[in-house]
Amino acid sequence: MSSQPFAPDAVTRAKQRVPMLLLGAVLALAGVGIVEALLMTGAAPLTPIGWPSLGMIAAAGIGGVAGLAGGAATVLGYYVLNLGQTERFQDFFAHPGITASWGVAVALLAGAALAVRPRLMRLASAEDELVTRRKYELALRESEERLRVAKARLEMALDGSNVALWDFECASGRVYLSDAWARTMGAAEGETVTTLTELISLVHRDDLEQVHRAAVEALKGERALYAVEHRVRARNGEWHWVLSRGRVTDRDPASGRALRMIGTNVDITERKRIEEAVHSAAQSDPLTGLANRLLFNDRLRLALARSRRSRTDIAVLYLDLDGFKKVNDTLGHAAGDRVLKDVALRLRACLRQSDAVARFGGDEFVVLLEDLRDREHAVAVVEKIIDEMRRPLRIEGSEVAVTASVGLAYGDGGDDGEALLKRADQALYDAKAGGRDRYSVI
């Protein structure tokens, strides 16, 4: 099935106005209910439009022109209805000037509500953004705290079982190391005597600068402790991470020059692997290995900032699998997982290395396209993805066919990330409503 064009903007906007029209009518009807309740209790409201107009004004503040229109229609209808029962509001209908005065006052208040509405909406949007940011910062702090605790526990275990002692004679350049260093380097156990030059030759070149700086600052007394994490090459050619700590224990009384430094080396290779695994788990989907929602939102935020600087467009693709539920129901969840992994591989194959793809959960995937040459490039990517998903997959001897529906939304530096995702989600909804295995653009 070929891809279909998206619905016209006018139709979309009309659909979006309907809830606000209904809101205006409901709030105004609530005012009508208050008036009728007062009449039933024997009270004598001055006007039939007072309470309904308050509902209309509130709707204008919430829903804008559409809310005002829905409320105004209800107020006008109630006013016309009471023209045939003027005895219910004798003072109000006694003179046309009273009616006109009320109408002008209500119109002015409604206009004021429309005027202040953009400011109120901006304030509400800023508050939502602040709440979202606080939630993100809290989650990040919790993740960092968990990582800190894991790191501390690992260090205690390693310090107690695999610590290499070293003793550096500054004048001669000789370094004495305990037999634990030989185990780290994959050599025969025993105390090792080497030179500082030989040890430096084992350090990864990307770590040399920080190792040199930390050592010089400690030797000069600019810092109390020498402490640095760096990589060293073992005998078998593998790189081991080492946590090296030390302290100057002897200085020349006259010049203050360091004479001796003693410390420890701890092999923290396993700890580094765990840290990388924890970091990856916090930002990736465990099934497909794609980015998760948290990482994708961060990438989207950065992409919008770059878009503002470079004045280029970005695009968000919201993708949902057609027929995925049937796979789970007929072949089981293991087969469903196979499909999701395959979809992840196919998506990566359709994208540039600079593009981001994430799984939001279930069979929902999201793609971020940056630095678009033109908007047709995004459409071409969408069409490529849809064509790729049409290829069947064989699982346990059965041919499984799933297709994709895609919602496409364009954005620039002026957009909000959450709003852009919602537009893409709405476009996806339109695509599925239009028959699936297609895309829609907002």
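These legends walk through several close-up views of one predicted model.

In this predicted model, local features need pLDDT of at least 70 and side-chain atom pairs count only at pLDDT 80 or more, while totals for chains, interfaces and linings use all residues. Residues are numbered from 1 along each chain as its sequence is written, and side-chain values use heavy atoms, with hydrogens and water left out.

**View 1. An aromatic pair joins helices α2 and α3.**
Six aromatic pairs turn up in the structure, and here we zoom in on Y79 and F92, which meet edge-to-face, with 6.4 Å centre to centre and 85 degrees between the planes. (Rings of Phe, Tyr and Trp, using its six-membered ring, pair if their centres lie within 6.5 Å; planes under 30 degrees apart are stacked, over 60 edge-to-face, and the rest tilted.) Y79 sits in helix α2 (residues 50-83) and F92 in helix α3 (residues 90-93), so the pair ties together parts that are 13 residues apart in sequence. Helices here are DSSP runs of H or I with at least four residues, strands are runs of E with at least two, and both are numbered from the N terminus. F92 has 0% relative accessibility, so F92 counts as buried. (Buried means under 20% relative accessible area, exposed over 50%, and partly exposed in between, with a 1.4 Å probe and protein chains only.) Add F93 to Y79 and F92, and you have one aromatic cluster.

**View 2. K272 lies over the face of W241.**
How far is K272 from the ring centre of W241? The distance is 4.5 Å. For a charge to sit over a ring, NZ of Lys or CZ of Arg must be within 6 Å of the ring centre and within 35 degrees of the ring normal.

**View 3. The second largest pocket has 22 lining residues.**
This pocket has a volume of about 490 Å³. On a 1 Å grid over the protein atoms alone, a pocket is an open set of points with protein on both sides within 12 Å along at least five of seven lines, a cavity is a set where a 1.4 Å probe fits but cannot get out, and lining residues have an atom within 4 Å of a point. Grid points are joined across faces, edges and corners, and a volume is the space filled by probe spheres set on the points. Look for L196, I200, V211, A215 and Y226, which lie nearest the centre of the second largest pocket. Which element gives the most to the lining of the second largest pocket? That's α7, with six residues. Others supplying at least two residues each include β1 (163-169), α6 (196-202) and β4 (226-233). The lining of this pocket splits into 18 nonpolar residues, four polar and no charged. (Ala, Val, Leu, Ile, Met, Phe, Trp, Tyr, Cys and Pro count as nonpolar, Asp, Glu, Lys and Arg as charged, and the others, Gly among them, as polar.)

**View 4. Helix α11 gives four residues to the lining of the largest cavity.**
Helix α11 (residues 333-350) has 18 residues and reaches 26 Å from its first C-alpha to its last, close to the 26 Å expected at 1.5 Å a residue. (The expected span is 1.5 Å times one less than the number of residues.) Buried residues in α11 include A335, L340, A344 and C350. A search of the whole structure finds one cavity of 30 Å³ or more, and about 50 Å³ of space lies in the largest cavity. Its lining is made by V339, D342, V343, R346, M389, R391, L393 and V402, and the largest share comes from α11. By type, the lining of the largest cavity has five nonpolar residues, no polar and three charged.

**View 5. R311 and D437 have a positive phi.**
Most residues other than glycine have a negative phi. R311, though, has a phi near 55 degrees, and D437 has one of about 55 degrees. R311 is in the loop between α9 (293-310) and β7 (314-322), while D437 is in the loop between α13 (417-433) and β13 (439-441). Are these residues buried or exposed? R311 is exposed, with a relative accessible area of 77%, whereas D437 counts as buried at 12%.

**View 6. H240 sits in strand β5.**
At 15% relative accessibility, H240 is buried. The C-alpha atoms of H240 and E270 are 9.0 Å apart, with their positions 30 residues apart along the chain.
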